[in-house]
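Hi everyone, thanks for coming. I'd like to walk you through one model today, so have a look at it on the screen while I talk.

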Amino acid sequence: MTVNRLRVVVLGSSRCGKSAVVVRYLTKRYIGEYSSTGDFLYNHRVSFDGVTSEVEVLDTCGCAKRGCLPEHLRWGDAFAVVYSVCDRRSFLAAAELLALLERTRLPGCAAVTLLGNKRDLEHARVVKTEEGQELSLRFGCQFYEVSAAESCAGAALAFHALLREARALALLLPAPRRKLAAYSVSKVIGSILGLSNKSVRKKRPSLSI
Ligand SMILES: Nc1nc2c(ncn2[C@@H]2O[C@H](COP(=O)(O)OP(=O)(O)OP(=O)(O)O)[C@@H](O)[C@H]2O)c(=O)[nH]1
């Protein structure tokens, strides 16, 4: 069985549900609240299509403000750009992130998916499905609407499709690997394990799932 290594960066504006989507995919669980004080790196081993991948998933938090966005864009092999269907500003931010990705990475050199999260909140929806579709067509990326709160099926489908594309690109374009110089580890694991961020950061640089 082939084993490959992939790096996935999850981007999007604050509170759009990045952590919820990532944790849904990795653990099948939905946890309502997460602390939002920094990026979080997960190690995850996944097998499908007869291939096993060692996947690092970087759940980012406020990286545009902290200035580490360019580094994250270079580091990743695959990118999930998340917005909330109930928050137009998060959709506009997703469009900006896709444009930045296009400028930073050569077109076709990174797998990208656009995820419209919180589709369970239909009554509060302000971004139509067609708008997400149009945006994904404009940037030539995948597109899914998901609900981290409602089920794990959407997140799993979206991440597997992203990984499938990243695997194919890794075969076609063996890119030089760049190390992420530094990442802070702070959120989600505290919610999962009931530890404070400080103790998590000290004891665990990353979480294997
Ligand atoms: N109804 C509903 N709420 C969701 C969903 N996903 C996330 N939420 C809620 O939205 C809020 C923000 O979720 P997070 O996962 O912390 O969002 P984030 O993008 O990681 O936020 P930052 O860490 O601040 O960047 C939380 O209250 C979640 O419970 C969803 O699919 N449906």
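**Around strand β5**

Let's begin at a single pairing: within β5, N117 is the bridge partner of S84. Please keep in mind that this is a predicted model.

The chain leaves β5, passes through helix α5, residues 129-139, and arrives at β6, and this β-α-β crossover is right-handed. β5 and β6, the latter covering residues 142-145, run parallel and are joined by 4 bridges. In that pairing, T113 sits opposite Q142 of β6. On β4, residues 78-84, the pairing with β5 is also parallel, with 7 bridges.

So how many residues of β5 are buried? For this strand, residues 111-117, the count is 7 of 7. As a reminder, in a regular strand the side chains alternate between the two faces of the sheet. Here, one side has A111, T113, L115 and N117, the other has V112, L114 and G116, and all of them are buried.

Now over to helix α4, residues 88-104. Its 17 residues reach 24 Å from first C-alpha to last, close to the 24 Å expected at 1.5 Å a residue. Buried in α4 are S90, F91, A93, A94, L97, L98 and L101. Looking down the axis, these buried residues fall within an arc of 160°, so they line one face of the helix. The face turned away from that buried side carries E96, A99 and R103, which are exposed.

Last stop, the ligand. There are 20 residues around it, and those that come nearest are G17, S19, A20, S36 and A149. Helix α1, residues 18-27, gives the most to this shell, with 3 residues. By type, the shell splits into 7 nonpolar, 8 polar and 5 charged residues.

Notes
Residues numbered from 1 in each chain as written. Predicted model: local features only at pLDDT ≥ 70, side-chain atom pairs only at ≥ 80, totals over all residues. Near = placed C-beta within 6 Å. Helix = DSSP H or I, 4+ residues; strand = E, 2+ residues; numbered from the N terminus. Nonpolar A, V, L, I, M, F, W, Y, C, P; charged D, E, K, R; others polar. Expected span 1.5 Å × (residues − 1). Buried ≥ 20, exposed ≤ 12 C-beta atoms within 10 Å, placed from the backbone. Arc of directions from axis to C-beta. Pairing = 2+ DSSP bridges. Right-handed = clockwise from strand over helix to strand, strands pointing away.
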